[in-house]
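Biologist: Before we discuss assignments, please show me the model. I shall then ask what each label rests on.

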Amino acid sequence: MIPGRPSATALIVALSVARRGAGAGLPDTSLRIAARALDAAGGHWRWLGRLARHRFGRALLDLVERIALPGLAVHHCTRKRWLLDRLRATAPAGDLLWPAVGFDGTGASLSEADPRWRVREYDHPDTLRLRAGIVGTHARLSRAPIELPDGIVHLREHGLDDRVAAVLVAEGVAMYLPPRPLLRALRTIARWPMPPRLLLTALAPITAQGRGFSTDSGLVRRWLSAHGEPFLWRCPPARLERLLQRHGYAIAARWEGGGYGEYAIDACHARAAVHG
């Protein structure tokens with residue numbers, strides 16, 4: 001990230017939700033937060049958000065997307081819908097932990113719909129500063145700034161009780177974090193008295209005939225680097241699943257990502273399953 005600015009990739013995802021979230025069946029809260037984030041970010045983000053509100057503007061944005069990274073908005077929204085469906089199928093218990101929340105509205109919408117959800121949002125201070133102006137907090141929704149990935153091991157300092165059940169969502173963030181500190185974070189949470197259920201996404205390796213994130217796009221690499229958010233690693237799904245299993249996790253479900261080069265895993269720890 002560029003110091004003093006909110007995450008550019010989080011704002012790109014917000015633009016995807018503003019454009020295609022309704023068609024994917026995302027909650028109204030998610031659409032509202034995305035639109036407000038783009039407006040609050042100002043500058044070209046505000047103008048992109050305004051284009052997304054109108055049919056002609058969306059058609060223009062679709063044209064730009066086809067040139068830069070075809071299918072991006074649909075991919076973002078389909079990913080969010082899969083995570084939402086997995087969470088809706090879960091009986092709310094304990095905390096919903098959302099590091100790198102960006103301008104996502106899933107946790108906020110769940111806490112609004114069911115008082116049993118207790119949502120804890122975390123992100124870089126610059127991103128949270130913008131989010132705080134558009135999303136309020138209440139008794140079931142709290143927020144704290146952390147630096148990732150090391151901040152995950154210090155969540156108890158922000159009021160987390162690691163002895164109770166929790167779900168940790170790491171959506172669209174792991175690929176931007178250094179692998180070794182990320183692995184240390186995984187080892188730490190796997191040693192919690194009650195390790196959280198994990199819902200996480202990761203990038204698959206580049207392929208010759210791939211599309212989306214599975215291609216080696218120079219344009220995408222330059223844009224990410226210019227905004228201080230380059231991709232740092234990729235991993236085949238089976239390899240990541242074996243890593244999680246070595247740390248006591250069982251794989252409950254996987255979303256293949258429609259061949260776009262990003263997948264999602266839902267994993268539950270054996271120790272938490274025994275207590276549950």
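Modeller: Of the 39 residues in the largest nonpolar core, those touching the most other members are Trp82, Leu87, Leu96, Phe103, Val169 and Leu199. Two or more residues each come from helices H1 (8-20), H2 (28-41), H5 (72-88), H6 (106-113) and H7 (125-132), and from strands E1 (95-99), E4 (166-170) and E6 (249-255). H1 gives the largest share of this core, 6 residues. This is a predicted model: local features need pLDDT of at least 70, side-chain atom pairs count only at pLDDT 80 or more, and totals for chains, interfaces and linings use all residues. Residues are numbered from 1 along each chain as its sequence is written, and side-chain values use heavy atoms, with hydrogens and water left out.

Biologist: What makes a set of residues a nonpolar core, and what is a helix or a strand here?

Modeller: A nonpolar core is a set of buried Ala, Val, Leu, Ile, Met, Phe, Trp, Tyr and Cys residues joined through side-chain atoms within 4.5 Å. Helices (H or I, at least four residues) and strands (E, at least two) are DSSP runs, numbered from the N terminus.

Biologist: Why does Leu83 count as buried or exposed?

Modeller: Buried means under 20% relative accessible area, exposed over 50%, and partly exposed in between (1.4 Å probe, protein chains only). Leu83 has 2% relative accessibility, and therefore counts as buried. Leu83 is found in helix H5. Leu83 and Leu200 are 117 residues apart in sequence, yet their C-alpha atoms are 8.9 Å apart in space.

Biologist: Why is the contact of Arg79 and Glu262 called a salt bridge?

Modeller: The term requires a side-chain nitrogen of Lys or Arg within 4 Å of a carboxyl oxygen of Asp or Glu. The side chains of Arg79 and Glu262 meet at 2.8 Å, N to O, so the criterion is satisfied. Arg79 lies in helix H5 and Glu262 in strand E7 (residues 262-269), so the pair ties together parts that are 183 residues apart in sequence. Arg79 is buried because its relative accessibility is 5%, and Glu262 is buried because its value is 1%. Arg79, Lys80, Asp104, Glu171 and Glu262 are linked in a network of salt bridges. The structure holds 23 salt bridges.

Biologist: How do you know that Arg156 and Asp162 form a salt bridge, and which of the two is buried or exposed?

Modeller: Their N to O separation is 3.2 Å, so the pair meets the salt-bridge criterion. Arg156, at 54% relative accessibility, is therefore exposed, whereas Asp162, at 6%, is buried.

Biologist: What makes Phe56, Leu60, Leu63 and Ile67 a patch?

Modeller: Patches are made of residues with over 30% relative accessible area and no salt bridge; like charges are joined within 9 Å, and nonpolar side chains (Val, Leu, Ile, Met, Phe, Trp, Tyr) within 5 Å. These four form a nonpolar patch on the surface, with about 450 Å² of accessible area together. Areas come from the Shrake-Rupley method with a 1.4 Å probe; for residues, only the protein chains shown count as cover. Phe56, in helix H4 (residues 55-68), counts as exposed because its relative accessibility is 67%.

Biologist: Why is Arg187 called partly exposed, and which patch includes Arg187?

Modeller: Arg187 has 40% relative accessibility and so counts as partly exposed. Arg180, Arg184, Arg187 and Arg191 form a positive surface patch. Lys and Arg count as positive and Asp and Glu as negative, while His and the chain ends are not counted. The place of a charge is taken as NZ of Lys, CZ of Arg, CG of Asp or CD of Glu. Arg187 is located in helix H8 (residues 179-190).
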